[in-house]
Amino acid sequence: MTIENLHNRSKILQNIRDFFNSRGYLEIETPILSPSLIPEPHLDIFKTAHTHPFKNSREAYLIPSPEVWLKRFLSENPINVYEISKCFRNSEQSGKQHNPEFTMIEYYSMGFNHKDTMDITIELLDDINNKLSFSKLPKKHREMEMDEAFKLYAGFSLEQNYHINNLKDKAKDLGIYTDMSDDWETTFNRIFIDIVEPNLPKDVNLFLTDFPSDIKTLAKNIDGTQWAERWELYINGIECGNCYTEEANPEKVTNYFKESSNVEHHVDMNYPLLFKKFPKCSGGAIGIDRLIMGILGIDEIQGVILFPYRDNI
Amino acid sequence: MGQIKAGAIEKGMFILEKDIPYLVTEREFVNPGKGSSFVRLKLKDQRSGASLKITHKSQDNIDEIDVTEQSCQYLYTDGESFVFMNNETFDQFEVPCDGLEDEKWFLIEGDAYRVVRWGEETLGVKLPPKMDMEVTEAEDGVKGDTVQGASKYVKVGTGLTVKVPIFIKQGEIIRINTDTKEYQERINK
């Protein structure tokens, strides 16, 4: 990473802080070491131990995102906040878009839904383009529903072929590998990753909205549909951000915890009780390193961070 | 033949997809923020030279081909096949030209190569990362052209056209990256 890009990275972070501070968001810092995490079965986490000189040690984990603490904070303090935090994800092989340790911003807005968070995220991207003359981010933004993306790039409506058997047939028609044991989410992902995601428009900041609710998350469902109030942000075809209208129903959060409990870390089953008094809000998260890649026009994460992780030193 | 997880595939491996042997030419990991991990592969059909893009879940089982590498001498081509000789057994064998579309630019008669074979079938030729080749056709640099970085095109003995700096002359030896087919440096002998 060059000194010039270090200067630019510093300016970008300052710009992001100024943006949220000027809109009344409070910057907070929460722990990156946690004794329990929100279960996300697809994420591999970094495990360590909190030792005691005379008693048994206890497992502790590096956070994959600051969500676990921010939601605990919001249940007591329903105010607009953001955090710029180091996050850790294990088993994701290093590549142009991955480093096991990375920087993420999460921002929560009270009374917002996912569309309101999209509006403020567009304001943020415009603000970066207006204030930082070196920004190479696309000037235009586009919103596209997942169903539209499937129609455009896979050639069929996901809504009308939602049943797993239909999806598997469509995958076979498209020459995409499938396996007998594939569940709904795997079948969806095979098609999405093979043919939809690589063809998403790259000349705009793309907000891909309304994800299938069969991908289990803590995003609120759109009542009466199979879609969730959720979007992901793609910059130059790279997934940079994710947003939910947050699920605030304690029973639904409890169900999510029960369904997702097959994880290799401790889960606090009392955590869903926080949602008995959780504010209506929406949270967005943006991978800062990938955002900086887009702003600086650099196509490798190693070009925007100091000391990318290597096993051999 | 052994099975490996798709997540363990590396560039340069040989795998079997629907009974066709492929060379892995590109591998990219994809980790959806809220999903299990996938790999996007770019494969080259070693029989036709055609490429194929395919996506696998990291947990998918893939057939890896047990290939052998043999030291072989490249003898000649008849236009349809390249003829090699195994340096240990002295057996001669033919490889269809279509299967060596990229490698053919670096085949020099009489030189030894690592040839990748699967049973009786040849799946590829392993080229050294860089090769030194003689410039056989080059026009003189334009007089008075002093712009830094000015370049021109020359041909080397195998017919490959390479973009080089303007000072390179016919008969000189240049080092070429066999992966990108790009000029690296002039070799002073």
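Visitor: What percentage of the 313 residues in chain A is buried?
Guide: This is a predicted model. Buried means under 20% relative accessible area. Of the 313 residues in chain A, the buried ones make up 53%.

Visitor: Which radius of gyration does chain A have, and why does it agree with a compact globule?
Guide: The C-alpha atoms of chain A fill a box of roughly 55 × 50 × 45 Å along the principal axes. A compact globule of 313 residues would have a radius of gyration near 20 Å. Chain A agrees with that, because its own value is 20 Å.

Visitor: How many helices and strands are there in chain B?
Guide: Take chain A as background: it has eight helices and eleven strands. Chain B has no such helices to show. Its count is zero helices and 16 strands.

Visitor: In chain B, what share of contacts between residues at least 6 apart in sequence joins residues at least 24 apart?
Guide: Contact here means heavy atoms within 4.5 Å. For chain A, the share of such contacts joining residues at least 24 apart is 69%. For chain B, it is 44%.

Visitor: How far apart do the centres of the positive and negative side chains of chain B lie?
Guide: In chain A, 34 positive and 48 negative charges have mean positions 2 Å apart. Chain B carries 25 positive and 34 negative side chains. The centres of its two sets lie apart by 8 Å.

Visitor: Where on helix H4 of chain A do the buried residues fall: on one face, or not?
Guide: H4(A) spans residues 146–153, and its buried residues are Met146(A), Asp147(A), Ala149(A) and Phe150(A). Seen down the helix axis, they fall within an arc of 160 degrees. They therefore line one face of the helix.

Visitor: Which elements of chain A do the buried residues of H4(A) pack against?
Guide: One partner is a helix, H6 (184–196). The others are strands. The full set is strand E7 (141–145), helix H6, strand E8 (205–212) and strand E9 (227–235).

Visitor: How many of the 13 residues of H6(A) are buried?
Guide: The helix is mostly covered. Its buried residues include Trp184(A), Phe188(A), Phe192(A) and Val196(A). Charged types appear as well, among them Glu185(A) and Arg190(A). The buried count is twelve.

Visitor: Is Asp210(A) buried or exposed?
Guide: Most residues other than glycine have a negative phi. Asp210(A), not a glycine, has a positive phi of about 60 degrees. It lies in strand E8 of chain A. Its relative accessibility is 11%, so Asp210(A) counts as buried.

Visitor: And Asp19(B), buried or exposed?
Guide: Asp19(B) also has a positive phi, of about 70 degrees. It lies in the loop between strand E2 (14–17) and strand E3 (20–30) of chain B. The cut-off for this class is over 50%. With a relative accessible area of 64%, Asp19(B) is exposed.

Visitor: Which residue of chain B does Leu43(A) touch?
Guide: Leu43(A) is found in the loop between strand E2 (33–34) and strand E3 (46–50) of chain A. At 9% relative accessibility, Leu43(A) counts as buried. Beyond residues up to four places away in sequence, Leu43(A) touches Pro64(A), Arg89(A) and Glu92(A) in chain A. In chain B, it touches Gly33(B).

Note on methods
Residues numbered from 1 in each chain as written. Chains lettered and ligands numbered in written order. Predicted model: local features only at pLDDT ≥ 70, side-chain atom pairs only at ≥ 80, totals over all residues. Heavy atoms only, no water. Helix = DSSP H or I, 4+ residues; strand = E, 2+ residues; numbered from the N terminus. Rg over C-alpha atoms; globule rule 2.2 N^0.38 Å. Buried < 20%, exposed > 50% of the residue type's maximum accessible area, 1.4 Å probe, protein only. Charge placed at Lys NZ, Arg CZ, Asp CG, Glu CD. Arc of directions from axis to C-beta.
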